[in-house]
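Q: Could you take a close look at one part of this model for me, the helix packing and what sits behind it? I'd like it in plain bench talk.

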Amino acid sequence: MSVDQLIDRYEAGGPLLPYAVSGLGPEQLTAKPGPGAWSTAELAAHLLDCDLVFADRMKRIIAEKRPTLVAFDEQAWLDRLGSAAMPADEAAALFAANRRWMARVLRARPEADFARVGEHSEAGPITLAEVVAKAAGHVDHHLTFLYAKRANLGLSIYPRYA
């Protein structure tokens, strides 16, 4: 996959979360019908949290020489940051805006920057291209669960992926 295709795929994920949570009321957003242990609101918050972390990692790799990229405990973030009570539509809107912003940043970089490396505290060396690819795939992975939750609530919509 070319760098341009990778950025396109990353950016295409932006509108998917707002679409996936659209039309759900507070009870549906906090329900936990399965699959998985998280509610749709928690999934939306998780996707936003991770996307902001991915964006930070991308920026550090671009701007710094072999930066340290610190791992985080996603469950602790959900538990301690009150994610279940956060508005899913706001998380989705911020997620989409972050993807648009970062796609602009990425498009402005020369192709050589995508080989720049950061040092992940658990996974070791990781390139900018690998971070972008991981972020791009992360949303699709969790949307599978979100669409299934909607279906289990009787509120299915046509699944869209990047």
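A: Here is a walk through the packing around one helix and its two neighbours.

First, the ground rules: this is a predicted model, where local features need pLDDT of at least 70, side-chain atom pairs count only at pLDDT 80 or more, and totals for chains, interfaces and linings use all residues. Residues are numbered from 1 along each chain as its sequence is written, and side-chain values use heavy atoms, with hydrogens and water left out.

Let's start with helix 4 and helix 6, which pack at an angle of about 20° with their axes 9 Å apart. Axes here are lines fitted to C-alpha atoms, for helices over the stretch in contact, and angles run from 0 to 180 degrees between N-to-C directions. Helices are DSSP runs (H or I, at least four residues), numbered from the N terminus. The two are therefore roughly parallel to each other, a label for angles under 35 degrees, while over 145 counts as roughly antiparallel. In the contact (heavy atoms within 4.5 Å), helix 4 brings residues including Ala44, Leu48 and Ile62, and helix 6 brings Phe95, Met102 and Leu106 among them. By class, that contact has 16 nonpolar, 1 polar and 3 charged residues. For those classes, Ala, Val, Leu, Ile, Met, Phe, Trp, Tyr, Cys and Pro count as nonpolar, Asp, Glu, Lys and Arg as charged, and the others, Gly among them, as polar.

Now turn to the other partner: helix 6 (residues 88-107) packs with helix 7 (residues 128-152) at about 155°, axes 13 Å apart. That makes helix 6 roughly antiparallel to helix 7. Phe95, Arg99 and Leu106 of helix 6 meet Leu128, Val132, Ala135, Ala136 and Val139 of helix 7. These residues divide into 7 nonpolar, no polar and 1 charged.

Phe95 is worth a second look. Not counting residues up to four places away in sequence, Phe95 touches Gly13, Gly14, Leu17, Leu47, Leu48, Asp51 and Val139.

Val132, in helix 7, is buried, with a relative accessible area of 0%; buried means under 20% (1.4 Å probe, protein chains only). Leaving out residues up to four places away in sequence, Val132 touches Leu6, Tyr10, Met58, Leu106 and Phe114. Val132 also sits 11 Å from Asp4, C-alpha to C-alpha, although the two are 128 residues apart in sequence.

Notes: Angles under 35 degrees count as roughly parallel, over 145 as roughly antiparallel, 65 to 115 as roughly perpendicular and the rest as oblique. Buried means under 20% relative accessible area, exposed over 50%, partly exposed in between (1.4 Å probe, protein chains only).
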